[in-house]
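Reader: Could you walk me through this model? I would like to start with the overall picture and then look at some charged residues.

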Amino acid sequence: MRVADGITTAVVAAEELRQTVSALQADGYDLMVDLFAYDTPERAARFDIVYLFHRLSDNARTRVKVQVAEDEAVPSITSLYPAAEWFEREIYDLYGVAFEGHPDLRRILMPDDWIGHPLRRDHPLGGEVVEYGLRPPAETVAPIDFPEGTTR
């Protein structure tokens, strides 16, 4: 356990997640405030899955982080906090991190035929034709020209 930004933070292994979250729930953390991910592709465990819990009785907050590799799954906590269902689907859709035991793990924001996961740092930028039904899709999309010396 450590404190980051004034919030007690625990970094746990994926196999310890459900036990840790269950202990927090038993300790009175009755609200899951947020669940999000971020990508650090230069690490072997490139994805950080971050949970934020709140205890209403004393206004305490606790953060739990799980670091996983691209091919690892994270246990779903939807049976403990039902609100996690949509957050887990969003992370699955945008980062490609699977949640083991999730009741309905499928895309939530991107079209079903979308290839890739757009919030990964290695996802190509620009040039995609996205049809929102407002007008017919363009035949071609001009490539994005980056100035000399810049990176994507």
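**A helix residue, the fold and the salt bridges**

Author: Happy to! Arg-18 is found in helix α1. Please keep in mind that this is a predicted model.

Reader: Thanks! Is Arg-18 buried, partly exposed or exposed?

Author: The relative accessible area of Arg-18 is 33%. Buried would need under 20% and exposed over 50%. Arg-18 therefore counts as partly exposed.

Reader: Which residues does Arg-18 touch, leaving out those up to four places away in sequence?

Author: A useful pointer is Val-74, 56 residues from Arg-18 along the chain, with 9.5 Å between the two C-alpha atoms. With residues up to four places away in sequence set aside, the residues that Arg-18 touches are Pro-75, Ser-76, Ile-77, Ser-79 and Leu-80.

Reader: Stepping back, what pattern does the protein follow along the sequence?

Author: The building blocks are two helices and seven strands. Read along the sequence, they give the pattern β-β-α-β-β-β-β-α-β.

Reader: Among contacts with a separation of 6 or more, what share comes from residues 24 or more positions apart?

Author: For some background, the protein has 152 residues, and buried ones make up 38% of them. Its accessible surface comes to about 9,500 Å², with 51% belonging to carbon and sulfur atoms. Turning to the contacts with a separation of 6 or more, the share from residues 24 or more positions apart is 50%.

Reader: Now the charges, please. Which residues gather in a patch of negative charge on the surface?

Author: Let's begin with Glu-16, which is found in the loop between β2 (7-12) and α1 (17-26). Glu-16 has 39% relative accessibility, so it counts as partly exposed. The patch of negative charge on the surface is formed by Glu-15, Glu-16, Asp-71 and Glu-72.

Reader: How far apart are the closest N and O atoms in the salt bridge between Arg-46 and Asp-39?

Author: Both partners are worth a look in the model. Arg-46 is buried, with a relative accessible area of 6%, and Asp-39 counts as buried at 2%. In their salt bridge, the closest N and O atoms are separated by 2.7 Å.

Reader: Arg-46 also forms a salt bridge with Asp-122. How many residues apart is that pair?

Author: In this salt bridge the closest N and O atoms of Arg-46 and Asp-122 are 3.4 Å apart. Arg-46 sits in the loop between β3 (31-39) and β4 (47-55), while Asp-122 belongs to the segment after β7 (98-100). The pair links distant parts of the chain, with a separation in residues of 76.

Reader: Which residues are linked with Arg-46 in a network of salt bridges?

Author: Two of the partners have come up already, since Arg-46 forms salt bridges with Asp-39 and with Asp-122. The full network joins Arg-46 with Asp-39, Glu-70, Arg-120 and Asp-122.

Reader: One more pair: why does the salt bridge between Asp-104 and Arg-89 tie together parts that are apart in sequence?

Author: The two side chains meet at 3.7 Å, N to O. Asp-104 lies in the segment after β7 and Arg-89 in helix α2 (residues 84-95), so the parts tied together are 15 residues apart in sequence. Asp-104 is partly exposed at 24%, whereas Arg-89 is buried, with a relative accessible area of 6%. The answer is thus their placement in the segment after β7 and in helix α2.

Note on methods
Residues numbered from 1 in each chain as written. Predicted model: local features only at pLDDT ≥ 70, side-chain atom pairs only at ≥ 80, totals over all residues. Heavy atoms only, no water. Patch = residues over 30% accessible without salt bridge, like charges linked within 9 Å, V, L, I, M, F, W, Y side chains within 5 Å. Areas by Shrake-Rupley, 256 points an atom, 1.4 Å probe, with all protein chains shown as cover. Salt bridge = Lys/Arg side-chain N within 4 Å of Asp/Glu carboxyl O. Lys, Arg positive; Asp, Glu negative; His and termini not counted. Charge placed at Lys NZ, Arg CZ, Asp CG, Glu CD. Helix = DSSP H or I, 4+ residues; strand = E, 2+ residues; numbered from the N terminus. Buried < 20%, exposed > 50% of the residue type's maximum accessible area, 1.4 Å probe, protein only. Contact = heavy atoms within 4.5 Å.
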